[in-house]
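Grab a coffee and open the viewer. Try each exercise yourself before you read the solution under it.

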Amino acid sequence: MDERYRSRVFTANGIIRSTILIDGYVAGIWKLEVEREKADLCIDSFVKLLCNKELLFVQ
């Protein structure tokens, strides 16, 4: 992992945030924001993410 992103992944008290891996490297973090009847997946990428339609799916 690039050192400039380490403080965004590891908190001061030792918590490790959920990460996005691309080819085995940390490319960002994510969190789930849950409200009463919905949930939003919030992605904070460290690099530009490209969309590959072959990898996307809807369930």
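Below are five exercises on this predicted model, each with a worked solution.

**Exercise 1. Get your bearings: work out how many helices and strands there are, and in which order they come.**

Start with the count: the protein has one helix and three strands. Next, walk along the chain from the N terminus, and the elements come up as α-β-β-β. Now look at burial. The protein has 59 residues, and 14% of them count as buried. Then take the surface: its accessible area is about 5,600 Å², with 54% belonging to carbon and sulfur atoms. Last, check the contacts with a separation of 6 or more: 11% of them are between residues 24 or more positions apart.

**Exercise 2. Lay out the sheet: find the strand order, the pairing sense and the edges.**

Step one is the order. The three strands make an open sheet, arranged 1-2-3 with antiparallel pairing. Strand 1 (19-22) and strand 3 are at the edges and have a single partner strand each, so one side of each lacks a neighbour in the sheet. On average, neighbouring strands in this sheet are turned by 30° against each other, direction ignored.

Step two is to go through the pairs. As a reminder, strands of a sheet pair through backbone hydrogen bonds, and they can do so in a parallel or an antiparallel way. Strand 1 and strand 2 run antiparallel and are joined by four bridges. To see this pair in the viewer, find L21, which stands opposite V26 in strand 2. Strand 2 and strand 3 are antiparallel too, paired over seven bridges. Here you can pick out E33, whose bridge partner in strand 3 is D40. Strand 2 and strand 3 also form a hairpin, with four residues between them.

**Exercise 3. Track down salt bridges: for R6, R8 and K31, name the acidic partner and say how exposed each side chain is.**

A search of the whole structure turns up five salt bridges. Let's take three of them in turn.

- R6 pairs with E3, and their closest N and O atoms are 3.1 Å apart. R6 is partly exposed, at 34% relative accessibility. E3 has 55%, so it counts as exposed, the cut-off being over 50%.
- R8 pairs with D44, with 2.6 Å between the closest N and O atoms. R8 belongs to helix 1 (residues 6-9) and D44 to strand 3 (residues 39-45), so this salt bridge ties together parts that are 36 residues apart in sequence. Both ends are partly exposed: R8 at 31% relative accessibility, D44 at 32%.
- K31 pairs with E33, and the closest N and O atoms are 3.4 Å apart. K31 counts as partly exposed at 47% relative accessibility, and E33 does at 37%.

**Exercise 4. Map the nonpolar patch: list its residues and work out which elements they come from.**

Begin with the members. I22, W30, L32, V34, L41, I43, V47 and L49 form a nonpolar patch on the surface, and together they have about 740 Å² of accessible area. Then sort them by element: strand 2 (25-34) and strand 3 are the elements that give two or more residues. The largest share is three residues, and strand 2 provides it.

Now zoom in on one member. W30 lies in strand 2. Its relative accessibility is 36%, which means W30 counts as partly exposed.

**Exercise 5. Look around L32: in which strand is this residue found, and which residues does it touch?**

First, place the residue: L32 is in strand 2, and it is one of the residues in the nonpolar patch. Second, list the neighbours. Leaving out residues up to four places away in sequence, L32 touches A39, D40 and L41. Of those, L41 is also in the nonpolar patch, while D40 is the bridge partner of E33. Third, try a distance in the viewer: from L32 to S18, 14 residues away along the chain, the C-alpha atoms are separated by 9.7 Å.

How values were computed
Residues are numbered from 1 along each chain as its sequence is written. This is a predicted model: local features need pLDDT of at least 70, side-chain atom pairs count only at pLDDT 80 or more; totals for chains, interfaces and linings use all residues. Side-chain values use heavy atoms; hydrogens and water are left out. A salt bridge is a side-chain nitrogen of Lys or Arg within 4 Å of a carboxyl oxygen of Asp or Glu. Buried means under 20% relative accessible area, exposed over 50%, partly exposed in between (1.4 Å probe, protein chains only). Patches are made of residues with over 30% relative accessible area and no salt bridge: like charges are joined within 9 Å, nonpolar side chains (Val, Leu, Ile, Met, Phe, Trp, Tyr) within 5 Å. Accessible areas come from the Shrake-Rupley method with a 1.4 Å probe; for residues, only the protein chains shown count as cover. Two strands pair if DSSP finds at least two bridges between them. Axes are lines fitted to C-alpha atoms, for helices over the stretch in contact, and angles run from 0 to 180 degrees between N-to-C directions. Contact means heavy atoms within 4.5 Å.
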